[in-house]
Amino acid sequence: MTAASVTAEAPAKLNLFLHVTGRRADGYHLLDSLVAFAETGDRITAKSADSLSLSITGPFAGALDGEADNLVLRAARLLAGDADIPPAASLTLEKNLPVAAGIGGGSADAAATLRALARLWNLEIPTERLMALGLELGADVPVCLLDQPCRLTGIGETLAPLSSLPALPVLLVNPGVPLSTPAVFRARSGEYGAAAPVLPLEEPARLLDFLRAQRNDLTGAALALVPQIGTVLSQLEALPGCLLARLSGSGPTCFALMQDEESAESGAAALHAAEPGWWVQATRLRPAGL
């Protein structure tokens, strides 16, 4: 029986480290990253309808007002075309994540749309095919479709899911300035970095020591374009209980892995008071196997 309404979560994507290891002839950069997802994000609801429509709600709905054809609609049309059916659904995007923020918001929304519509339309589509469709929409969509911690290589299409990852408290902070991913890659200069060694995941302390030895190779370029990132990182590093502060993806959102939920909540309250124009969210990393 075809479902009448389906809801899919679109969690924030975090690059716990991000190494840029090379560049292909077609211009795409080669990456090595540990990707995790947070327990906060957007939400897609798909309902049966006679035609395709999209409404956007949530605190960041206004940032998408000028987009006549965003990734959610493109994902719906792509999936319908692949299945050779009419793209008929009433879609609602609850936009809780800032736009152009380096936490995969648009890609996560597209992935959630593909998952929701595959269920709504009762499509028996192989995972490999869904991943291939996701890659047509963007390099980050396949990892958002996987929706679990993984090691990401290539341009984002080679994924190695992780069997475990500590559900560490995390603080997300965005200074309220959008930042284009292509612009950051264009601003990047210098030699390419090396890939990271094998991940130690047995316990949080070993993972944190490992992460501290890694880097985000886009930090310098992002800082040159949005200097406020430096202020965010400095304030996160100064918080009691901060274990590691780093830029996520191409930014400008930064994250801090925190000692416990109390320090994450108190850190969020302190930053809200000090910088009311920033987006600040205390949450946790989603563990593997959800």
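Two strands count as paired when DSSP finds at least two bridges between them. Keep that handy as you work through this predicted model.

**Exercise 1. Find the strands that pair with β7, and name a bridge partner in each.**

Step 1: Start with β10, residues 279-284. Six bridges join this strand to β7, and the two run antiparallel. With at least two bridges needed for a pair, β7 and β10 qualify.

Step 2: Pick out a partner. Look at N174 of β7: its bridge partner in β10 is W279.

Step 3: Now try β9, residues 254-258. Here β7 pairs over four bridges, again in the antiparallel sense. On this side, V170 stands opposite L257.

**Exercise 2. Decide how enclosed strand β7 is.**

Step 1: Check one side of the strand. P169, L171 and V173 are all buried.

Step 2: Check the other side. V170, L172 and N174 are buried too, so both faces are covered.

Step 3: Put it together. Six of the six residues in β7 (169-174) are buried, so the strand is largely enclosed by the rest of the structure.

**Exercise 3. Describe how helices α1 and α2 meet.**

Step 1: Get the geometry. α1 (residues 71-83) and α2 (residues 105-120) pack at about 35 degrees, and their axes are 8 Å apart. The crossing is right-handed.

Step 2: List who takes part. From α1 come L71, V72, A75, A76 and L79, while α2 brings G106, S107, D109, A110, T113, L114, L117 and A118.

Step 3: Sort these residues by type. You get nine nonpolar, three polar and one charged.

**Exercise 4. Place L133 in its surroundings.**

Step 1: Locate the residue. L133 sits in helix α3, residues 127-137.

Step 2: Buried or exposed? The cut-off for buried is under 20% relative accessible area; L133 has 1%, so it counts as buried.

Step 3: See what L133 touches. Leaving out residues up to four places away in sequence, its contacts are L78, L79, D82 and I125. L133 and L79 are 54 residues apart along the chain, yet their C-alpha atoms are separated by 7.4 Å.

**Exercise 5. Work out whether C144 and C150 form a disulfide.**

Step 1: Recall the bond. A disulfide links the sulfur atoms of two cysteines covalently.

Step 2: Apply the cut-off. The sulfurs must lie within 2.5 Å, and the count of disulfides here is zero. For C144, the nearest cysteine sulfur is that of C150, 9.3 Å away. C150 is in no disulfide either.

Step 3: Check burial. C144 counts as buried at 3% relative accessibility, and C150 is buried at 0%.

Key:
Residues numbered from 1 in each chain as written. Predicted model: local features only at pLDDT ≥ 70, side-chain atom pairs only at ≥ 80, totals over all residues. Heavy atoms only, no water. Buried < 20%, exposed > 50% of the residue type's maximum accessible area, 1.4 Å probe, protein only. Contact = heavy atoms within 4.5 Å. Axes fitted to C-alpha atoms, helices over the stretch in contact; angles between N-to-C directions. Left-handed = near helix turned anticlockwise from the far one by under 90°. Nonpolar A, V, L, I, M, F, W, Y, C, P; charged D, E, K, R; others polar.
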